[in-house]
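Please find below a short note on the model under review. It is arranged as numbered points.

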Amino acid sequence: MSVLNRAVGRQMGSQLGVGESTGLLLLRNYLAYRGAWWIFVSGFLEPVFYLFSIGVGVGRLVTGFEFNGQVIPYAEFVAPGMLAASAMNGSVLDSTFNFFFKLKYNKLFDQMLATPLTTTDVARGELAWSLLRGGVYSLGFLLVMVALGLVHSWWALLAAPAALLIGFAFGGAAMALTTYMRSWQDFDYVTLGTLPLFLFSATFFPITAFPTWLQWVVELTPLYRGVVLVRELTTGSLSWGTGFSVVYLVAMGLGGLLLVGRRLDRLLLT
């Protein structure tokens, strides 16, 4: 609350610091969602159900797959993919549907700009909240993986920050694309984009199942980079792709954040 008290005490027209503005927007979203905690629970349970039905159930029929030179059981192969997909879904859900409602219908951002907040503050704060939401999903899922004995490397401690990085990448890009949407019907494109990523980003089977030319295409998709990053960390099989995945996801998130700031300038200030 100290952040809120300092911000209220400022004179109109003076800008807030990065930490203050982000803290205020996180506080605002927390107060709005604290009575709807079940939303977070439902988002967390979806990947857990997938893990039990596919990773554990189908895993009894599949011996395992080779990953970076070592054979791992099917459940250990699928679980990191579910973790990465959980981070993507949690971040995209908040940075598309909720962001669109605040922008187009609730006019919440117009009200925020009547305060010392700027469009960049709004974009950064909303992205931070989507990261927090995706992080809650991912951390809970990671604990489930540990409880099921699907993690065997201390590198897995970095899987939670990796999931936040995935959320950052998808949240920034999704917010930027949402600024171009005209109506709720446009959200069919969200499903059209995320569902193929979920199914074909080496989440359930190795990328070697694809033809060579298609493997190159899949390797350039964002969720595949996230799945590979998390899978390398949870299995301890790091490679050159680890660094490439980190750079890829950071660039994607920063690019989306920059674009959404410019789009909000155009939509709300002109």
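The points below cover the basis of the note, one helix pair, the nonpolar cores and the salt bridges.

1. This is a predicted model, in which local features need pLDDT of at least 70, side-chain atom pairs count only at pLDDT 80 or more, and totals for chains, interfaces and linings use all residues. Residues are numbered from 1 along each chain as its sequence is written, and side-chain values use heavy atoms, without hydrogens and water.

2. Helix H7 (residues 159–178) packs with helix H10 (residues 222–235) at about 175 degrees, the axes being 9 Å apart. The two are therefore roughly antiparallel (over 145 degrees, between N-to-C directions of lines fitted to C-alpha atoms over the stretch in contact). The residues of this contact (heavy atoms within 4.5 Å) comprise 10 nonpolar, 2 polar and no charged.

3. The largest nonpolar core (buried nonpolar residues joined through side-chain atoms within 4.5 Å; buried means under 20% relative accessible area, 1.4 Å probe) has 62 residues, of which Met 145, Phe 170 and Leu 264 touch the most other members. H4 gives the most to this core, with 15 residues.

4. There are 3 salt bridges (a side-chain nitrogen of Lys or Arg within 4 Å of a carboxyl oxygen of Asp or Glu). Glu 126 and Lys 102 pair at 2.8 Å, N to O, and both are buried. They lie in helix H6 and helix H4 respectively, 24 residues apart.

5. Asp 186 and Arg 182 form a salt bridge at 3.3 Å, N to O. Asp 186 counts as buried at 9% relative accessibility, whereas Arg 182, at 66%, counts as exposed (over 50%).

Notes. Axes are lines fitted to C-alpha atoms, for helices over the stretch in contact, and angles run from 0 to 180 degrees between N-to-C directions. Helices (H or I, at least four residues) and strands (E, at least two) are DSSP runs, numbered from the N terminus. Angles under 35 degrees count as roughly parallel, over 145 as roughly antiparallel, 65 to 115 as roughly perpendicular and the rest as oblique. Ala, Val, Leu, Ile, Met, Phe, Trp, Tyr, Cys and Pro count as nonpolar, Asp, Glu, Lys and Arg as charged, and the others, Gly among them, as polar.
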